[in-house]
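Please follow this predicted model from its sheet outward to its helices, and then to the charged side chains that pair with one another.

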Amino acid sequence: MKKVLITGFEPFGGAAINPALEAVKKLQNATLNGGEIVICDVPVTRYEAVDTVIAAIEKYQPDYVITVGQAGGRAAITPERVAINVDDFRIPDNAGNQPIDEPVVVDGPDAYFTTLPIKAITRTLQENGIPCQVSNTAGTFVCNHLFYGVQHYLRDKEIGHGFVHIPLLPEQDTLGNQATMSLDVIAEGLRLVAQATIDNPHDVAIGAGQIC
């Protein structure tokens, strides 16, 4: 029985809700074939976010970790390919930190690639009617910070990890001009992300690149 830790960020930037946390809460008792899900909520705070997930990893001893955050403007669930060693916050985090062009980890490598089967994940969600595509940028805010920091911690451990961005909820689109996805679809999509991760110890070779 494989164990999958799925984490979701708390609200930030003055918002009252974060779909990542709400979707992850719905997965508390979700079932997987050959696996189980444990969850963790994560503060949108530089360093504290990474420390929180590391503590959850040490508590639950998972086989896989899926960190999740919202991405306003995206219409699909997007597993991320790469985390970069840069903190460049457009807005302050929830503790008021706003680093500019600073490393996530001093003297760390320039980047870490996901160790999740992101193309198998993409294919699985698409086959189940859920919009999904590979993303090649996790931004430079706390999402990328967490992605990079957790990968750095796991660099010599046999635990798969990757970051997944999700769309906004309909109630977050107060102006009616943003792409959204229902909470139930997001939660089912994340459950399928976990299932595809268990089912695919090696990724599949399908095209998911971009020209620019």
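The sheet of this predicted model is open and has 6 strands, which follow the order β2-β3-β1-β4-β8-β5 with mixed pairing. Because β2 and β5 (78-79) each have a single partner strand, they stand at the edges, and one side of each is left without a neighbour in the sheet. At the β2 edge, the strand runs antiparallel to β3 and is joined to that strand by 2 bridges; Thr31, for instance, has Glu36 in β3 as its bridge partner.

Between β2 (31-32) and β3 (35-42) comes a loop that holds Asn33. This residue counts as exposed because its relative accessibility is 61%, above the 50% that marks the exposed class. Once the neighbours within four places in sequence are set aside, Asn33 is in contact with Gln195 and Ile198. By contrast, Pro103 lies 70 residues from Asn33 along the chain, and the C-alpha atoms of the two are separated by 39 Å.

Two helices can be placed against the strands. Helix α5, made of residues 183-199, lies across β1, β2, β3, β4 and β8, and runs at about 155° to β4. Helix α1, made of residues 19-26, lies across β1 (2-9), β3, β4 (64-70) and β8 (160-166), with an angle of about 150° to β1.

Side chains of opposite charge can pair when their charged atoms come close. In this model the count of salt bridges comes to 7. One of them lies within helix α1, where Glu22 and Lys25 are 3 residues apart, about one turn of the helix, and their side chains meet at 3.8 Å, N to O. Glu22 is partly exposed because its relative accessibility is 24%, and Lys25, with a relative accessible area of 47%, is partly exposed as well.

Another salt bridge is formed by Asp87 and Arg46, whose closest N and O atoms are 2.7 Å apart. This pair links distant parts of the chain, since Asp87 is in the loop between β6 (82-84) and β7 (111-113) whereas Arg46, 41 residues away, is in the loop between β3 and α2 (48-60). Asp87 counts as buried because its relative accessibility is 0%, and Arg46 is likewise buried, with a relative accessible area of 11%.

A further salt bridge joins Lys157 to Asp156, with 3.5 Å between the closest N and O atoms; Lys157 is partly exposed at 33% relative accessibility, while Asp156 is exposed at 60%. Elsewhere, salt bridges that share partners bring Arg46, Asp87 and Glu102 together in one network.

Technical notes
Residues numbered from 1 in each chain as written. Predicted model: local features only at pLDDT ≥ 70, side-chain atom pairs only at ≥ 80, totals over all residues. Heavy atoms only, no water. Helix = DSSP H or I, 4+ residues; strand = E, 2+ residues; numbered from the N terminus. Buried < 20%, exposed > 50% of the residue type's maximum accessible area, 1.4 Å probe, protein only. Contact = heavy atoms within 4.5 Å. Pairing = 2+ DSSP bridges. Axes fitted to C-alpha atoms, helices over the stretch in contact; angles between N-to-C directions. Salt bridge = Lys/Arg side-chain N within 4 Å of Asp/Glu carboxyl O.
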